[in-house]
Amino acid sequence: MAKKNKVLLNKAPRLRDGMTIQEVYESRPRLWWVYTLILLIIVALLGWSGTAITFKGFAKKGLEVARGVAYGLTHPNWDLLINSTNEGVPYQLLQTIAIAILGTIFGGLLAVPFSFLACDKIVPKPVAFLFRAFILLIRTIPSLVWALMWIRVTGPGAFCGVMTQSICSIGMISKMYITAIEDVDTKILESLDAAGCTPFQKIRYGMLPQIIPNFISTVIYRFDINMKDATTLGIVGAGGIGAALIQCINASRWSMVGSYLFGLVILMLVIEVISTSIRNRLTRG
């Protein structure tokens with residue numbers, strides 16, 4: 001059997017250096033010590049991180065809230081789901097959708113000039129560096145901190161939520177826009193330049209057809225994020241269904257909590273299906 005394998009090995013196709021595929025595989029570098037070192041580093045990091053976490057058990061009120069939420073999800077207030085007043089689930093969901101739509105649109109539009117000015121292929125590198133630093137500053141501050149700052153300026157309400165989401169959207173969308181602009185095929189622009197096209201024509205016919213699908217896909221993805229953030233921002237007073245939700249939790253109205261959560265789940269499922277379908281169309285054509 002060993003003699004037969006040796007014959008097959010000799011008959012195997014050889015590479016450029018005269019070695020067979022089997023011989024190259026057997027002469028591969030042994031990096032087991034590198035993998036072991038990486039594993040030890042990960043274990044050490046996990047152990048070090050665990051020292052900063054102290055578990056003191058579950059709070060009594062926390063368990064009550066968990067049981068109350070579970071009860072509300074299984075026993076929602078069906079009258080609240082079809083209530084057409086300002087306290088009803090449809091109105092609160094529509095306000096949340098409106099905040100997410102306006103925040104995404106304003107953020108997406110404002111991100112366009114920022115992304116072009118932050119791309120060193122279009123503007124000088126010092127200018128691009130300054131705008132990239134500004135975009136990084138926006139992305140560094142969490143959305144809840146932005147909301148707390150805007151509440152001091154505009155007061156609590158839906159307008160605060162729109163302003164917060166617009167600012168936060170600029171940071172994330174601009175980063176994705178810059179990546180799309182940098183991936184543009186410059187050979188097309190060079191061909192249009194050789195044909196005597198103006199800078200506007202080069203952007204219109206050479207750049208926009210390449211970046212618009214990515215721009216639209218990025219805006220849709222950000223809308224998904226803003227829909228979830230709109231609920232969180234409502235908890236701190238930035239409008240939307242989050243404000244009504246936290247009031248019901250504080251008042252232990254678990255059936256109303258279940259109604260709001262039930263409406264949110266259905267809404268997010270519908271939006272996820274629609275946005276995924278649109279993104280697939282943009283990607284596959």
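These are my notebook entries on a predicted model, covering its overall make-up and a handful of residues I looked up.

**Entry 1: the overall picture**

I started with the secondary structure. The protein has 13 helices and 0 strands, so the run of elements from the N terminus is α all the way through. I then checked how much of the chain is covered: of the 285 residues, 32% are buried. The accessible surface comes to about 18,400 Å², and carbon and sulfur atoms hold 68% of that. For contacts, I took those with a separation of 6 or more; residues 24 or more positions apart account for 70% of them.

**Entry 2: how far to trust it**

Next I pulled the confidence values. Mean pLDDT is 81, and 89% of the residues reach 70 or more. Where is confidence lowest, and where is it highest? Helix H1 (residues 2-11) is at the bottom with a mean of 48, while H7 is at the top with 90. Within residues 5-9 the pLDDT drops below 50, and that stretch has 2 contacts in the model beyond near neighbours in sequence. I left H1 alone after that and turned to other helices.

**Entry 3: aromatic rings around H7**

I searched for ring pairs and got 4 aromatic pairs in the structure. The one I opened was Phe 114 with Phe 134: ring centres 5.5 Å apart, planes at 20°, so I logged this pair as stacked. The cut-off for that label is under 30 degrees. Phe 114 sits in helix H6 (residues 89-117) and Phe 134 in helix H7 (residues 125-140), so the pair ties together parts 20 residues apart in sequence. Phe 131 joins in too, as Phe 114, Phe 131 and Phe 134 form one aromatic cluster. I also asked whether Phe 134 is buried or exposed. Neither, as it turns out: Phe 134 has 37% relative accessibility and counts as partly exposed.

**Entry 4: salt bridges**

How many salt bridges does a search of the whole structure find? The count is 2. I kept in mind that side chains of opposite charge can pair when their charged atoms come close.

In one of them, Glu 182 meets Arg 132 at 2.6 Å, N to O. This pair links distant parts of the chain, with Glu 182 in helix H9 (residues 158-182) and Arg 132 in helix H7, 50 residues apart. Both ends came out as partly exposed: Glu 182 has 29% relative accessibility, and Arg 132 has 34%.

The other joins the side chains of Asp 229 and Arg 222 at 3.9 Å, N to O. The salt-bridge limit is 4 Å, so this pair still counts. Asp 229 and Arg 222 are both buried.

**Entry 5: Thr 218 in H11**

I looked up Thr 218, found in helix H11 (residues 199-235). Its relative accessible area is 9%, so Thr 218 goes down as buried. What does the polar part of its side chain have for company? A polar side-chain atom of Thr 218 lies 2.8 Å from the backbone oxygen of Asn 214. Setting aside residues up to four places away in sequence, Thr 218 touches Ile 173, Met 176 and Tyr 177.

**Entry 6: Ser 259 in H13**

Ser 259 lies in helix H13 and is buried, at 0% relative accessibility. I found a polar atom of the Ser 259 side chain 3.0 Å from the backbone oxygen of Ser 255. Beyond its neighbours within four places in sequence, Ser 259 is in contact with Pro 76, Asn 77, Trp 78, Leu 80, Leu 81 and Val 89.

**Entry 7: Cys 160 in H9**

Cys 160 is in helix H9, and it is buried too, with a relative accessible area of 0%. Its contacts, not counting residues up to four places away in sequence, include Trp 150, Ile 151, Thr 154, Gly 155 and Ala 238. Ala 147 is also touched by Cys 160; I noted the C-alpha to C-alpha distance for these two as 6.8 Å, at 13 residues apart in sequence.

**Entry 8: an odd phi**

Last, I checked the backbone at Ser 252. Most residues other than glycine have a negative phi. Ser 252 is not a glycine, yet has a positive phi of about 60°. Where does Ser 252 lie? In the loop between helix H12 (241-250) and helix H13 (254-284). Its relative accessible area is 43%, so I put Ser 252 down as partly exposed.

Definitions and conventions:
Residues are numbered from 1 along each chain as its sequence is written. This is a predicted model: local features need pLDDT of at least 70, side-chain atom pairs count only at pLDDT 80 or more; totals for chains, interfaces and linings use all residues. Side-chain values use heavy atoms; hydrogens and water are left out. Helices (H or I, at least four residues) and strands (E, at least two) are DSSP runs, numbered from the N terminus. Buried means under 20% relative accessible area, exposed over 50%, partly exposed in between (1.4 Å probe, protein chains only). Rings of Phe, Tyr and Trp (its six-membered ring) pair if their centres lie within 6.5 Å; planes under 30 degrees apart count as stacked, over 60 as edge-to-face and the rest as tilted. Contact means heavy atoms within 4.5 Å. Accessible areas come from the Shrake-Rupley method with a 1.4 Å probe; for residues, only the protein chains shown count as cover. A polar contact is a pair of N or O atoms within 3.5 Å; within protein, one must be able to donate a hydrogen and the other to accept it, and residues adjacent in sequence count only if both atoms are side-chain atoms. pLDDT is the predictor's confidence in each residue, from 0 to 100.
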